[in-house]
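This report goes through the domains, the nonpolar core, the annotated sites and a few backbone details of one chain. The sequence and structure come next.

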Amino acid sequence: MSSLLLTGIGSLVTNDPARGDLLGELHDAALVIDGSTIGWVGQRRDAPVADAALDLGGRAVIPGFVDSHSHLVFAGDRAEEFAARMTGTPYSAGGIRTTVAATRAATDEQLTANVSRLVTEMRRQGTTTVEIKSGYGLTVGDEARALEIASHFTDETTYLGAHVVPTEYADDPAGYVSLVTGPMLDVAAGHAKWIDVFVERGAFDEDQARMILEAGLARGLQARVHANQLGEGPGVQLACSIGAAAADHCTYLTDADIDALASSGVVAGLLPAIEFSTRSPYPDARRLLDAGVTVALATDCNPGSGYSSSMPFCIALAVREMHMTPAEALWSATAGGAASLRRPDIGHLTPGAQADLTILNAPTHLHLSYRPAVPLISQTFISGRPV
Ligand code: NIG
Ligand code: FE
């Protein structure tokens, strides 16, 4: 096992709560990568000797982004739907069925190549962990292959058989719920860590969603929920009552929803690239943060509601449009994502953590929102290896 000393770090974001401020930021710092983990963190003058050294000349180092919500296993795109939206056609979940048809018709190789392309895009933008959902197959075989393909790229795989009721079950939604909680779950359980449900008018109601999530929990999956995206509804409260890790979207919340998130510790996943691409109001991040809710930022990269793979873009939106401070946005895109995925080993740069980090072509993390849309990622390491 060899060690690498990164020195001359202008600003080092550790996310170590023991260091005081939210980001545990150090200036003129150094860090040692020991194999796949962080070996040492501190001031440059105190740095230990390592097998190799790299002087970063004052550049910033941050934990790699943890993108806790994406839908990457699909074929085709919906660029025309986006164009129509920009001239006034509102987003509706019905477009999901267009992608389902394209995905079913694609070969395994085509789907794998598409995931690979998007994961490469993400890594180039500093993402070191990504959660990937199924949900564009919606048959036993197509959901199983989506999860199988996703599992080649991440351990954070999510079974989303309950994305929408597919066309062939339009007259029998109860029959589809039986499939999702029965034979489809049987095959998904072998490939997935998580189970998710799109709780929304036009997708699944509270009773259906509870049945589906409880069936998944009984099979050892952990729960996360698409909640309160298109209007107020039962998703957030359901996530809190069943002990889900995360309620994602949280675009339309009541005071009671915010209280439930704060008291349950369920992470609120905010996905501002979706509001950008659907021209919807942004979630009220300040209200959530001020109530003490843990917030994660994620891309929700998908071909319909928002096709950005960029965590820096989400950070810039969170700061400009959602009134998060740059420090809060970066924390939510790293440690917040790790909390959402229940991963204590990532999202921070402290000794023993997985060595997932990003070097910026900038002196501080502030440049992520100060210089939006500029490619500031210089180098990313995953488990101590440059990618
Ligand atoms: O998270 N809301 C449900 N699912 C996706 C959208 C999927 C699609 O439109 O294809 C989302 O926004
Ligand atoms: Fe989603």
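## Domains and their contact

The domain assignment divides the chain into domain 1 (3–64 + 348–386) and domain 2 (65–340). The model is a predicted one. Taken over C-alpha atoms, the centres of domain 1 and domain 2 are 30 Å apart. The contact between them involves 19 residues from domain 1 and 21 residues from domain 2.

On the side of domain 1 that touches domain 2, β5 (60–63), α14 (367–370) and β16 (377–382) each contribute at least two residues. The largest share of that side, three residues, is from β16. By class, the side of domain 1 that touches domain 2 consists of eleven nonpolar, seven polar and one charged residues.

## The nonpolar core

In soluble globular proteins, nonpolar side chains tend to be buried together. In this model the largest nonpolar core has 124 residues, and those touching the most other members are L31, V61, V73, A247, L261, I315 and A318. Helix α12 (residues 311–322) gives the largest share of this core, nine residues. The core takes at least three residues from each of domain 1 and domain 2.

One of the core residues named above is A247. Not counting residues up to four places away in sequence, A247 touches V225, A227, G235, V236, A239, L261, V266, A268 and G269.

## The annotated histidine and aspartate positions

An unreviewed UniProt entry places the feature "binding site" at H69, H71, H226 and D300. These positions span 232 residues in sequence, but no two of their C-alpha atoms are more than 12.1 Å apart, so they gather at one spot.

H69 is in the loop between β6 (65–67) and α1 (79–86). This residue counts as buried because it has 30 C-beta neighbours inside 10 Å. Leaving aside neighbours within four places in sequence, H69 is in contact with E131, D248, G269, L271, A298 and D300. D300 is thus both a contact of H69 and one of the annotated positions. H226 belongs to strand β11 (residues 222–227) and is also counted as buried, with 30 C-beta neighbours inside 10 Å. Beyond residues up to four places away in sequence, H226 touches D196, V197, F198, V199, E200, G235, D248 and H249. D248 appears among the contacts of H69 and among those of H226.

## A second annotated group and the ligand

The "binding site" annotation from UniProt (unreviewed entry) also covers Y136, N302 and G304. Although they are spread over 169 residues of sequence, they cluster in space, with a largest C-alpha distance of 11.3 Å.

Y136 lies in the loop between β8 (132–133) and α4 (140–151) and is buried, with 31 C-beta neighbours inside 10 Å. Its contacts, not counting residues up to four places away in sequence, are V73, F74, T99, V100, T103 and A146. G304 lies in the loop between β14 (295–297) and α12, and its 25 C-beta neighbours inside 10 Å put it in the buried class. Leaving aside neighbours within four places in sequence, G304 is in contact with R78, E81, G95, I96 and T99. T99 is thus listed as a contact of Y136 and as a contact of G304.

Ligand 1 has 14 residues around it, of which I96, F198, N302, G304 and S305 come nearest. The shell around ligand 1 divides into five nonpolar, eight polar and one charged residues. N302 and G304 are among the nearest residues and also carry the annotation.

## Backbone details

Most residues other than glycine have a negative phi. N15, which is not a glycine, has a positive phi of about 55°. N15 is in the loop between β1 (3–13) and β2 (25–34) and counts as buried, with 22 C-beta neighbours inside 10 Å. S383 also has a positive phi, near 50°, and is a residue other than glycine. S383 sits in the loop between β16 and β17 (385–386); with 14 C-beta neighbours inside 10 Å, S383 is partly exposed.

G35 is found in the loop between β2 and β3 (37–43) and is partly exposed, with 13 C-beta neighbours inside 10 Å. G35 and G384 are 349 residues apart along the chain, while their C-alpha atoms are separated by 5.9 Å. Apart from neighbours within four places in sequence, G35 is in contact with M1 and G384.

Definitions and conventions:
Residues are numbered from 1 along each chain as its sequence is written. Chains are lettered from A and ligands numbered from 1 in the order in which they are written. This is a predicted model: local features need pLDDT of at least 70, side-chain atom pairs count only at pLDDT 80 or more; totals for chains, interfaces and linings use all residues. A residue is near a molecule or strand if its C-beta atom, placed from the backbone, lies within 6 Å of it. Ala, Val, Leu, Ile, Met, Phe, Trp, Tyr, Cys and Pro count as nonpolar, Asp, Glu, Lys and Arg as charged, and the others, Gly among them, as polar. UniProt positions are given in the numbering used here, feature names are shortened, and annotations may be inferred rather than shown by experiment. Helices (H or I, at least four residues) and strands (E, at least two) are DSSP runs, numbered from the N terminus. A residue is buried if 20 or more other C-beta atoms lie within 10 Å of its own, exposed if 12 or fewer, and partly exposed in between; C-beta atoms are placed from the backbone. Two residues are in contact if their C-beta atoms, placed from the backbone, lie within 7 Å. A nonpolar core is a set of buried Ala, Val, Leu, Ile, Met, Phe, Trp, Tyr and Cys residues joined through C-beta atoms within 7 Å. Domain bounds come from an automatic or database domain assignment.
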